[in-house]
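Student: I've got a new structure to look at and could use some company. Can we go through it together, one step at a time?

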Amino acid sequence: MAKKAASFGEAFQELEEITAWFERGDVDLDEGLKKFERGLELAGVCKAKLSEVENTVIALKKKFAVLSLEDDNQTIV
């Protein structure tokens with residue numbers, strides 16, 4: 001399957017659809033294997049995007065913590 005998800009939302013939506021397909025219970029083994037593989041690809045896309053967001057949040061927290069410390073130091077001087 002060469003299909004790529006363009007965004008976190010699209011990847012998550014498709015992953016939910018695959019999960020629902022498996023939950024129906026009338027699973028074809030060959031089709032199930034393809035969907036399982038696609039699900040792993042989508043999970044990787046979601047994990048990578050979540051990691052990017054986490055790193056951005058950490059960077060923003062550090063940036064604003066430094067700014068806050070600078071503001072505190074200016075008021076003390």
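Tutor: Sure, and we begin with a definition: helices (H or I, at least four residues) and strands (E, at least two) are DSSP runs, numbered from the N terminus. Keep in mind that this is a predicted model, where local features need pLDDT of at least 70, side-chain atom pairs count only at pLDDT 80 or more, and totals for chains, interfaces and linings use all residues. Residues are numbered from 1 along each chain as its sequence is written, and side-chain values use heavy atoms, with hydrogens and water left out.

Student: How many helices and strands are there in the protein?
Tutor: Use the DSSP runs we just defined. Counting them gives zero strands and two helices.

Student: What percentage of the residues count as buried?
Tutor: Here the cut-offs matter: buried means under 20% relative accessible area, exposed over 50%, and partly exposed in between (1.4 Å probe, protein chains only). The protein has 77 residues, and the buried share of them is 13%.

Student: What share of the exposed area do carbon and sulfur atoms supply?
Tutor: Areas like this come from the Shrake-Rupley method with a 1.4 Å probe, and for residues only the protein chains shown count as cover. The protein exposes about 6,300 Å², and the part from carbon and sulfur is 60%.

Student: Of the contacts with a separation of 6 or more, what percentage is between residues 24 or more positions apart?
Tutor: A contact means heavy atoms within 4.5 Å. Take the contacts in the protein with a separation of 6 or more; the share from residues 24 or more positions apart is 65%.

Student: How many salt bridges are there?
Tutor: Look for a side-chain nitrogen of Lys or Arg within 4 Å of a carboxyl oxygen of Asp or Glu; that's a salt bridge. By this rule the count is four.

Student: Which residue does Glu31 form a salt bridge with?
Tutor: Glu31 is partly exposed, at a relative accessible area of 35%. Its partner sits four residues away in helix α2, so the two are separated by about one helical turn. The closest N and O atoms are 3.9 Å apart, and the partner is Lys35.

Student: Is Arg38 buried or exposed?
Tutor: Arg38 is found in helix α2. Its relative accessibility is 3%, so Arg38 counts as buried.

Student: Which helix holds Glu14, the partner of Arg38?
Tutor: The side chains of Arg38 and Glu14 meet in a salt bridge, at 2.9 Å from N to O. This pair links distant parts of the chain, 24 residues apart: Arg38 is in helix α2 (residues 29–76), and Glu14 is in helix α1 (residues 8–23). Glu14 is buried too, with a relative accessible area of 16%. So the helix you want for Glu14 is α1.

Student: Which residues are joined into one network by salt bridges that share partners?
Tutor: Glu41 and Arg38 also form a salt bridge, at 3.1 Å from N to O. They are three residues apart in helix α2, so about one helical turn separates them. Glu41 is partly exposed, at 29% relative accessibility. Sharing partners, the salt bridges join up Glu14, Arg38 and Glu41.

Student: Which residues form the nonpolar patch on the surface?
Tutor: Patches are made of residues with over 30% relative accessible area and no salt bridge: like charges are joined within 9 Å, nonpolar side chains (Val, Leu, Ile, Met, Phe, Trp, Tyr) within 5 Å. The largest share of the nonpolar patch, three residues, comes from α2. Leu40 counts as exposed at 53% relative accessibility. Together the members have about 480 Å² of accessible area, and they are Phe22, Val27, Leu33, Phe36 and Leu40.

Student: How many aromatic pairs does the structure hold?
Tutor: Rings of Phe, Tyr and Trp (its six-membered ring) pair if their centres lie within 6.5 Å; planes under 30 degrees apart count as stacked, over 60 as edge-to-face and the rest as tilted. For the whole structure, the number of aromatic pairs is two.

Student: What is the angle between the planes of Phe8 and Phe12?
Tutor: Phe8 and Phe12 form a stacked pair, 5.9 Å centre to centre, and the angle between their planes is 15°.
Both residues lie in helix α1, four residues apart, about one turn of the helix. So the pair is stacked, with an angle of 15°.
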